[in-house]
Protein chains: 2
Amino acid sequence: MRLGNIDIPRDTCQLVGNILGRVGDKWSVLIIVLLRERPMRYSELERQIETVSKKMLTRTLRNLERDGFVSRTVTPSIPPRVDYQLNDLGREVMVPLDELARWALSNKDRVVEARLRYDATQDEKE
Amino acid sequence: MRLGNIDIPRDTCQLVGNILGRVGDKWSVLIIVLLRERPMRYSELERQIETVSKKMLTRTLRNLERDGFVSRTVTPSIPPRVDYQLNDLGREVMVPLDELARWALSNKDRVVEARLRYDATQDEKE
DNA sequence: CAGGATCCGCCGGGATACTG
DNA sequence: CAGTATCCCGGCGGATCCTG
């Protein structure tokens with residue numbers, strides 16, 4: 001496997017794919033983007049995203065925490081309070097992530113057009 | 001929704017998420033990376049990737065074609081021959097994609113360490 | 001408030017067999 | 001060779017209910 005000029009061993013390739021996979025899952029990127037603005041409580045993330053279930057919000061946050069992108073701070077009051085914040089790794093991954101998002105943003109029309117063209121050719125055949 | 005300094009309307013956000021999602025699915029990025037080296041036939045992609053099923057290879061290629069990242073050229077010989085190549089859109093998306101991959105590559109150890117630390121704290125509690 | 005537990009539908013994705 | 005068709009399983013992810 002090669003990426004540009006770099007040779008990549010199989011196991012490394014898998015791990016990288018694993019990290020890239022995190023970009024693909026439904027909520028991770030969104031959460032990272034939100035947390036870049038400022039730290040947030042669990043309930044605030046829930047309100048901001050608004051379409052996420054507690055189950056997936058919790059699971060996604062746990063994964064981000066495990067991978068070292070996010071820190072979780074518990075304040076054992078009643079009612080309890082849990083704050084999430086980006087740590088260094090999380091802020092750094094935002095750099096390439098941001099560029100990809102910007103690319104998608106400025107090229108989305110080309111993708112939409114390509115889809116229209118493709119779908120048109122498919123209609124002809126039916 | 002905001003990304004850096006840019007405001008993003010809801011529907012656009014969904015579309016961008018959709019494009020980013022393509023990064024997440026199991027084979028798309030790998031195929032794009034392979035095709036950047038040179039155009040390849042269906043069977044060659046199959047051999048290079050080696051763990052992909054025909055079903056997923058075909059489906060992924062169709063999606064990439066529909067979105068305008070890849071071109072499909074059929075030579076109606078017997079046996080038939082189909083070549084795939086990156087077109088402009090595909091080559092351009094490689095730029096931000098490459099940076100993300102490089103980030104993952106050079107930071108994978110930090111992620112691995114974070115996971116070890118996290119898993120260690122979890123073990124204590126059981 | 002911040003989750004954990006449970007049930008369940010949907011579909012990504014592999015295995016296998018078949019075709020022009 | 002380059003697919004299509006079919007079957008099947010695991011897991012994502014939502015909905016609902018419960019708890020310290």
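**Figure 1. Phosphate contacts of DNA strand D in this predicted model.** Let's start with Lys26(A), where a polar side-chain atom sits 3.0 Å from a phosphate oxygen of DNA strand D. Chain B joins in too: an N or O atom in the side chain of Arg62(B) is 3.5 Å from a phosphate oxygen of this strand. Val82(B) uses its backbone instead, placing a polar atom 3.3 Å from a phosphate oxygen of DNA strand D.

**Figure 2. The protein surface around DNA strand D.** Here 20 residues surround the strand, and Lys55(A), Ser43(B), Lys54(B), Arg72(B) and Tyr84(B) are the closest. Of the strand D atoms that come within 4 Å of the protein, 59% are sugar or phosphate. H4(B) is the top contributor to this surface, with four residues. By class, look for eight nonpolar, three polar and nine charged residues.

**Figure 3. Phosphate contacts of DNA strand C.** A polar side-chain atom of Ser43(A) lies 2.7 Å from a phosphate oxygen. For Arg72(A), a side-chain N or O atom is likewise 2.7 Å from a phosphate oxygen of the strand. From chain B, Lys26(B) brings a side-chain N or O atom to 2.9 Å from a phosphate oxygen of DNA strand C.

**Figure 4. The protein surface around DNA strand C.** This strand is surrounded by 19 residues, with Tyr84(A) and Lys55(B) among the closest. Helix H3 (42–49), helix H4 (54–66) and strand E5 (81–86) of chain A, along with helix H4 (54–66) of chain B, each supply at least two residues. H4(A) gives the most, with four. Sugar or phosphate makes up 62% of the strand C atoms within 4 Å of the protein, and bases make up the rest.

How values were computed
Residues are numbered from 1 along each chain as its sequence is written. Chains are lettered from A and ligands numbered from 1 in the order in which they are written. This is a predicted model: local features need pLDDT of at least 70, side-chain atom pairs count only at pLDDT 80 or more; totals for chains, interfaces and linings use all residues. Side-chain values use heavy atoms; hydrogens and water are left out. A residue is near a molecule or strand if one of its heavy atoms lies within 4 Å of it. A polar contact is a pair of N or O atoms within 3.5 Å; within protein, one must be able to donate a hydrogen and the other to accept it, and residues adjacent in sequence count only if both atoms are side-chain atoms. Ala, Val, Leu, Ile, Met, Phe, Trp, Tyr, Cys and Pro count as nonpolar, Asp, Glu, Lys and Arg as charged, and the others, Gly among them, as polar.
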